[in-house]
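Reader: Can you walk me through this one? I'd like to go over the sheet, the cores and a few single residues.

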Amino acid sequence: MERSVIVTGGSRGIGRTICLGAAKVGYQVCVNYAHNAEAAGEVISLIQAAGGTAIAVQADMTKEADILRMFETVDRELAPLSALVNNAGIVDKASRVEDMSLERLERMFTTNITGPFLCAREAVKRLSTAHAGKGGVIVNISSVAAKLGSPNEYVDYAASKAAIDTMTMGLAKEVANEGIRVNAVRPGVIYTDIHASGGEPNRVDRVKSMVPMQRGGEAQEIADAVLWLLSDQSSYVTGSLIDVSGGR
Ligand code: NAP
């Protein structure tokens, strides 16, 4: 049966790897991005070259109108939605809490919490058997920061991911009997550009000695956990937070 998945922030890093993997197992993929159309286009080309179906949809996860337009585009152009991966997320420059501006906090929480909530809302409306849907899966990308707190770096980011964990557990219970499984993957430090966007491109190598396995992770190692949660192999798993963090 044809089905589609929306991967927010699917153009780069972990999201990109999830998109490529989801296409490989047969999903039609909505590759969402905010700014970098070229990176999204590359993912589309790779999926199409391998015989898959994908569309790139620009939509800023801080804007409700963009999120609604993204879901409506998928309704129109792809097979019925069967999964959502709430992956888009941001960090900010390392900072102590007493130095955080209102603008920073609003950007952090709107992107990392409100956006995923709105996407989850739209997904539930389409997937829930209570709304005549056929069921499906939501995977939220959290972070081990949610349990570590990220002192002196970004307590705001860590708190946003803790909110995602709580949303995962609550929503999972809310829709468990409506055919929808909701889980989170909590990556440790992974080699992507997110660290450069926080002002420290080599952050993974700086902190890897704090990881019990003594190394950073690869995007593929996160994508593999997400793909398992999307699959029927995890059919009895819901409300779970899976750390993929080298033991951190
Ligand atoms: P990344 O390499 O910085 O990629 C971020 C992706 O999100 C890009 O595709 C970007 O699109 C998109 N994005 C950013 N803001 C957006 C917005 N407002 N609306 C829509 N898309 C937006 O990040 P990553 O490292 O792959 O991280 C992915 C997820 O994993 C995040 O939730 C992050 O918190 C989490 N995580 C990462 C790590 C790590 O060490 N890398 C660890 C723990 C958790 P554009 O390029 O178009 O802006």
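Author: We can take the sheet, then the cores, then some single residues. Note that this is a predicted model.

Reader: In what order do the seven strands of the open sheet run?

Author: The order is E3-E2-E1-E4-E5-E6-E7, and the pairing is parallel. The edge strands are E3 (54-58) and E7 (241-244), each of which pairs on one side only. From one strand to the next, the twist averages 20°.

Reader: How many bridges link E4 and E5?

Author: Four bridges link strand E4 (residues 81-86) to strand E5 (residues 136-141), in the parallel sense. For Asn86, the bridge partner in E5 is Asn140.

Reader: Which strands does helix H3 lie across?

Author: Helix H3, residues 64-77, lies across E1 (4-7), E2 (28-33), E3 and E4. The helix runs at about 160° to E3.

Reader: Back to Asn140. Buried or exposed?

Author: Asn140 counts as buried, because its relative accessibility is 0%, and the cut-off for buried is under 20%. This residue is found in strand E5.

Reader: What does the side chain of Asn140 make a polar contact with?

Author: With the side chain of Thr168, at 2.9 Å. Leaving aside neighbours within four places in sequence, Asn140 is in contact with Asn86, Ile164, Met167, Thr168, Val182, Asn183, Ala184 and Val185.

Reader: Now the cores. How many residues has the largest nonpolar one?

Author: The largest nonpolar core has 33 residues, and Val29, Val185, Val226 and Leu230 have the most contacts inside it. The elements giving two or more residues to this core are E1, helix H1 (13-24), E2, helix H2 (37-49), E4, E5 and helix H9 (219-230).

Reader: Which element gives the most?

Author: H9 does, with eight residues.

Reader: And what is Val185 in contact with, leaving aside neighbours within four places in sequence?

Author: The contacts of Val185 include Val139, Asn140 and Ile141. Also among them are Ile222, Ala225, Val226 and Leu229, as well as Ile242 and Val244.

Reader: What other core lies apart from the largest one?

Author: Another core, of 28 residues, lies apart from it; Ile55, Phe71, Cys119 and Ala120 are among its members. As a general point, nonpolar side chains tend to be buried together in soluble globular proteins.

Reader: On to cysteines. How many disulfides does the structure hold?

Author: Zero. For Cys19, the nearest cysteine sulfur is that of Cys30, 8.1 Å away. That separation rules out a disulfide between Cys19 and Cys30, because the cut-off is within 2.5 Å.

Reader: And which cysteine sulfur is nearest to Cys119?

Author: Again that of Cys30, 9.5 Å away, and Cys119 is in no disulfide. Cys19 counts as buried, because its relative accessibility is 0%. Cys119 counts as buried too, because its relative accessibility is 0%.

Reader: Last topic, backbone angles. What is the phi of Asn152?

Author: Asn152 has a positive phi of about 65°, although it is not a glycine. The residue is found in the loop between helix H5 (145-148) and helix H6 (155-175).

Reader: And where is Gln214?

Author: Gln214 is in the loop between helix H8 (203-207) and H9. Its phi is near 65°, a positive value in a residue other than glycine.

Reader: Why does Gln214 count as partly exposed?

Author: Because its relative accessibility is 49%, and the cut-off for exposed is over 50%.

Technical notes: Residues numbered from 1 in each chain as written. Predicted model: local features only at pLDDT ≥ 70, side-chain atom pairs only at ≥ 80, totals over all residues. Heavy atoms only, no water. Pairing = 2+ DSSP bridges. Axes fitted to C-alpha atoms, helices over the stretch in contact; angles between N-to-C directions. Contact = heavy atoms within 4.5 Å. Core = buried A, V, L, I, M, F, W, Y, C linked by side-chain atoms within 4.5 Å. Buried < 20%, exposed > 50% of the residue type's maximum accessible area, 1.4 Å probe, protein only. Polar contact = N/O pair within 3.5 Å; in protein donor to acceptor, adjacent residues only side chain to side chain.
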